[in-house]
Amino acid sequence: MGPTAAPPPATGAWQEGDPPGRRRWAARTGPLPLEAGGELPAVRLAYETWGRRAADGSNAVLVLHALTGDSHVTGPAEPGHPTPGWWQGLIGPGRALDTDRWFVVAPNVLGGCQGSTGPSSRRPDGRRWGSAFPFLTTRDQVAAEAHLADLLGIDRWALVIGGSMGGMRALEWAVAHPLRTEALLLLACPAATSAEQIAWSAVQLHAIRSDRNWRGGDYHDAAPGEGPHRGLGLARRLAHVTYRSEAELAARFHRAAQGTEDPWRGGRYQVESYLDHHAAKLVRRFDAGSYVVLTEAMNSHDIGRGRGGTAAALRRVRARTLVAAIDSDRLYPPAQQHELAAGIPGADGVRVIESPYGHDGFLIEAGQVAALVRELAGE
């Protein structure tokens, strides 16, 4: 498993004067019922905040991360934060999410591995959850986030923003809690995960579960270095290819060898070295069990399930909505965002983010994302 920050024995919710970007924990006092049946007896969400909450909570913005993200949207790598913020430049004084105006909240998703309850967490009896961790859906994750909003005294989000997996949860917020979502920014996400997207995920899940160190998911107390790192690395390599575009990979690497290595004699091409690098980075900071749980939750995503279908569900949205697509995205192609914009009342078509980087453009093209945030914020 990757490094997982253990929460302190006792934690509290946000308080006025807390330093920005300081991770805190919020605990649910009762069990969380789950859509697939059963419950989680105890739930704790890690989260970070920036800015000051208005007395009535009306200036609160919810930022939701993608699959391997966490609550650390902005700020340096430091103890407890293995990597710098994943949307640097978006939050702060004078930025799109201006902390002189907005109170920004970013939770680590339920099932994650950076402080929130997940497979690496301990059950009430002290044992690790491991293979016993229950199946989660996007709706379960949003239910946990709604409880966090209650604890923070936020009745209605001024803006909910998310891309990819975070976009799935942002959409679920607007459908499940239409009166609590004033404005909505959906980036590179679908109304429902498609068969092809489930297929890509299935190969990644098989890679992890085929690792001999997976041990059915009960590996968290194994000796250092004996977790399913090889399987997680393979999953990341495959996923990363879907996150980028063919044109970008061709322009960056063509068919070049890595340094002095000879691909005809056991060496690597540059693009192979690139994938190896990203696999190694993820293995150092992420838990394979969380990767499985979160991937399965993404596969469960279907906004129309039990709501009369996609069209009926999207008509429930009351938020001012912008939907954005990445023009080179081959994982969540623009056709899926056009479906969202066509079905959400008042959505003003699809904004197209121009990027050579494929799906990852929603993270990389921060300037274009910032312009959309400013538009929604009325600046």
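In the predicted model, the side chains of Glu-248 and Arg-252 meet in a salt bridge, with a distance of 3.0 Å from N to O. Both residues belong to helix H5, which spans residues 246-253, and they are separated by four residues, or about one turn of the helix. The two partners differ in their surroundings, since Glu-248 has a relative accessible area of 5% and is therefore classed as buried, whereas Arg-252, at 44%, is partly exposed.

A second salt bridge is formed by the side chains of Asp-150 and Arg-180, with an N to O distance of 2.9 Å. This pair links distant parts of the chain, with the two positions 30 residues apart: Asp-150 lies in helix H1 (residues 138-151), while Arg-180 is found in the loop that runs between helix H2 (165-176) and strand E8 (183-187). Here the acidic partner, Asp-150, is partly exposed, with a relative accessible area of 46%, and Arg-180 counts as buried because its relative accessibility, 15%, falls under the 20% limit.

The side chains of Arg-351 and Asp-348 likewise meet in a salt bridge, for which the N to O distance is 3.3 Å. Arg-351 has a relative accessible area of 19% and is buried, because the class extends to values under 20%. Elsewhere, salt bridges with shared partners join Glu-35, Arg-139, Glu-172, Arg-305 and Arg-307 into one network. Across the whole structure, the search finds 20 salt bridges, among them the pair within helix H5 and the pair that links distant parts of the chain.

Terms used. Residues numbered from 1 in each chain as written. Predicted model: local features only at pLDDT ≥ 70, side-chain atom pairs only at ≥ 80, totals over all residues. Heavy atoms only, no water. Salt bridge = Lys/Arg side-chain N within 4 Å of Asp/Glu carboxyl O. Buried < 20%, exposed > 50% of the residue type's maximum accessible area, 1.4 Å probe, protein only.
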